[in-house]
Amino acid sequence: MRGSRYSTLSRTAGLLMVFFLASLIPSVAPAAADHTLASIEVFLTIVGNSTDADNLFFDKKVIILGPTPVFVNVTLINLDFTSTLQHNFTTRLAGVFYTTPLVPPGETGWVEFWINQTGTFPYWCAIPGHRIAGMEGAFVVTDTGAISGEAAPQGIALRAYWIGLIGIFAMVAVILVSYFIIKYESRHHTDQREHRRRGLP
Amino acid sequence: MTEIVRTEAPSESVTALLVIYILTFFLLFFAGLVVFGLIQGWSPAWLSLWMGIMFVGLGALIDLYRRNFLPDEMLVKVRLPKVVQRRKLRE
C-alpha cells in the first residue's frame, strides 16, 4: 500500500520550502548592497593621559559627514597606555543612545549606526568625569557636506560576511530538504506506515 | 571481458534537476564571493570558509547528478580460468 497522500504533502511542502529559500538569497544581497553606497566608516582613536585626568580627549573633535543617510562605523581604539582607564564612545541620535562597550587600553570596540538627518550630534565618553575632562566631539552632518579628511574610508563596507553566512545556512537547508523530497518521490520508496500499524514483522 | 549484469535507467527526477540548478546558483555565489574577497583583500580565514563551502556544495551537486542522471549498472568482470603450469614436485 503506497502512501500517496503523505508523499504528495511532503513533496509540495518541500518544494515550497526550496522556492522560499531560493528566493531568500537574492532578496538579501541587494538590500545589503544598497546601503553601502552611502556608507563610510569613521575611525576614532583615543589618546589620553590619565595621571591628572586633564588630558583626556578624542583625537577627532569634529567629523563632517554627508549627504544623508550615512552609515557610520565608529571603531574606538584606546591608546591610553599610561593608565588602566577604560573609555567608550557614546552618541545620541533621534533619542537613541549608541555606545561602544567599555574599552580597556590597547583594545578596540565598535558601534554602527545610521545618521538620517542633518545637524550637529555630539559624542562623548560616558565614563563619569571624562566628558568634562574633554572627551567629547561632534558629528556635523550636512546635505552638501562631503566626507571630511578626518574620516578614513577604509575597511570592508559591504557586509558580505553576513550574506555569505546566510548563504551557507540556506545551501545546507536546500540540501537537507531536497534529500527528503527526492527520497519520498523515488519509485524505490515504499511507505511502511500501514505495515507498522498492523504490527507485521 | 566485462558484462553488464543488471542495468536500470536513471530516474531523471525533475526535483533533482531543480535542486541542481539551485546548487549551481549557490556555487556561483560562493565562487563570486571568493573572487570578490581576493580583490578586496579579505582575510584568508573567510576566503577559505567560502571556498570550503563551495566544494561541499559541489560534492552534493555531483552526488545528485550521479544518483539521478546516470544509469545504475552492475558490471561483472569475467575472469579467465587460471592456468597452472605442470611442474615436478619433490623428486
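Strand E1 (residues 2-8) of chain B pairs with strand E2(B) in the antiparallel sense over 6 bridges, where pairing requires that DSSP finds at least two bridges between two strands. This is a predicted model, in which local features need pLDDT of at least 70, side-chain atom pairs count only at pLDDT 80 or more, and totals for chains, interfaces and linings use all residues. Residues are numbered from 1 along each chain as its sequence is written, while chains are lettered from A and ligands numbered from 1 in the order in which they are written.

**The strands of chain B**
- Within this pairing, Glu3(B) stands opposite Val76(B) in E2(B).
- Strand E2 (residues 72-77) of chain B is hardly covered, with 0 buried residues among its 6; a residue is buried if 20 or more other C-beta atoms, placed from the backbone, lie within 10 Å of its own.

**The nonpolar cores**
- The largest nonpolar core (buried Ala, Val, Leu, Ile, Met, Phe, Trp, Tyr and Cys residues joined through C-beta atoms within 7 Å) has 20 residues, and Val174(A), Val19(B), Phe26(B), Phe30(B) and Trp50(B) have the most contacts inside it.
- Two or more residues each come from helix H2 (160-185) of chain A and from helices H1 (14-40) and H2 (44-69) of chain B, with H1(B) giving the largest share, 9 residues.
- A second, separate core of 17 residues includes Val103(A), Tyr123(A), Cys125(A) and Phe139(A).

**Confidence**
- Chain B has a mean pLDDT of 89, and 98% of its residues reach 70 or more, pLDDT being the predictor's confidence in each residue, from 0 to 100.
- The model scores ipTM 0.72 and pTM 0.43.

Definitions and conventions:
A residue is buried if 20 or more other C-beta atoms lie within 10 Å of its own, exposed if 12 or fewer, and partly exposed in between; C-beta atoms are placed from the backbone. Helices (H or I, at least four residues) and strands (E, at least two) are DSSP runs, numbered from the N terminus.
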